[in-house]
Amino acid sequence: VYSQGGGTSTIFSDDFADLTAVNTTGVSRDNWQTLTKVYVEASPNNCQFKLSSGSAKGIATTVLMSELTGAGTLTFDLQLYGTDANKNVVVTINNGTITTASSATSSTSNTATYTTSSTKTTHTIALNGGGTATSITFAAVTTSNNRFYLDNVSVVIGSGNKTTNGGVAIG
């Protein structure tokens, strides 16, 4: 039996590093199908999305990912904006399911809720595409004072390891 790395493919990735200017009037981006109350906010090392305003809910939905027909891994960074009292962000897997959601405060078959903090925190969701094009939505839970930063969004498919037995793939 022989094992080797590989077998993974990144099907969605956005670290927002190419966004070099603050945008306070709203933003559009090719690999996102819905951006409501989404702005570009400068950070010490790069730019990132800031979702929501003091009086409106922010929503960001990725483009459809037809490659996500089985198991995948979503990683993303969240951080609280300012001192907003409402700190929860819900992540929805549209046309798919969640297997596990690290550090989520609650989850259902296709949603996970996270509480943001003043420190940028990386989160991971193991998910399954529903056999059709899947998208992922990040949204504030409440309509006011629920602003947050989103950064380093990535979806990877594949196991990362290939195992063979006499040249026949078994994993």
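**Exercise 1. Which residues is Asp-77 in contact with, leaving aside its neighbours within four places in sequence?**

Before the solution, some ground rules. This is a predicted model, in which local features need pLDDT of at least 70 and side-chain atom pairs count only at pLDDT 80 or more, while totals for chains, interfaces and linings use all residues. Residues are numbered from 1 along each chain as its sequence is written, and side-chain values use heavy atoms, with hydrogens and water left out.

Step 1. Find Asp-77 in strand S7. Strands are DSSP runs of E with at least two residues, helices are runs of H or I with at least four, and both are numbered from the N terminus.

Step 2. List the partners, where contact means heavy atoms within 4.5 Å. They are Lys-120, Thr-121, Thr-122, Tyr-149, Leu-150, Asp-151 and Asn-152.

Step 3. Look at the side chains, using polar contacts (pairs of N or O atoms within 3.5 Å; within protein, one must be able to donate a hydrogen and the other to accept it, and residues adjacent in sequence count only if both atoms are side-chain atoms). Asp-77 has one of 2.5 Å with the side chain of Thr-122 and one of 2.6 Å with the side chain of Asn-152.

Step 4. Check the burial of Asp-77. Its relative accessible area is 7%, so Asp-77 is buried. The classes are buried under 20%, exposed over 50% and partly exposed in between, with a 1.4 Å probe and protein chains only.

**Exercise 2. Is Gln-79 buried or exposed? Describe its surroundings too.**

Step 1. Place Gln-79 in strand S7, which spans residues 71-80.

Step 2. Read off the relative accessible area of 16%, which means that Gln-79 is buried.

Step 3. Turn to the side chain: one of its polar atoms lies 2.8 Å from the backbone oxygen of Ser-118.

Step 4. Name some contacts beyond four places in sequence; among them are Thr-116, Ser-117, Phe-148 and Tyr-149.

**Exercise 3. How many aromatic pairs are there? Work through two of them.**

Step 1. Apply the rule: rings of Phe, Tyr and Trp (its six-membered ring) pair if their centres lie within 6.5 Å, and planes under 30 degrees apart are stacked, over 60 edge-to-face and the rest tilted. The count is eight.

Step 2. Take Phe-16 and Trp-32, a stacked pair with 6.2 Å centre to centre and 25° between the planes. This pair links distant parts of the chain, since Phe-16 is in the loop between strands S2 (9-14) and S3 (32-36), and Trp-32 is in S3, 16 residues away. Both Phe-16 and Trp-32 are buried.

Step 3. Compare Phe-76 and Tyr-114, an edge-to-face pair at 5.4 Å centre to centre, with 85° between the planes. Phe-76 belongs to S7 and Tyr-114 to S11 (residues 111-115), 38 residues apart. Both Phe-76 and Tyr-114 are buried.

Step 4. Join them up: these residues belong to one aromatic cluster that also includes Phe-12, Phe-49 and Phe-138.

**Exercise 4. In what order do six strands form an open sheet?**

Step 1. Count the elements: the protein has 16 strands and zero helices.

Step 2. Follow the order S3-S6-S13-S8-S11-S10, with antiparallel pairing. Two strands pair if DSSP finds at least two bridges between them.

Step 3. Find the edges, S3 and S10 (106-107), each pairing on one side only.

Step 4. Finish at S10, which two bridges join to S11. Here Ser-106 has Thr-113 in S11 as its bridge partner.
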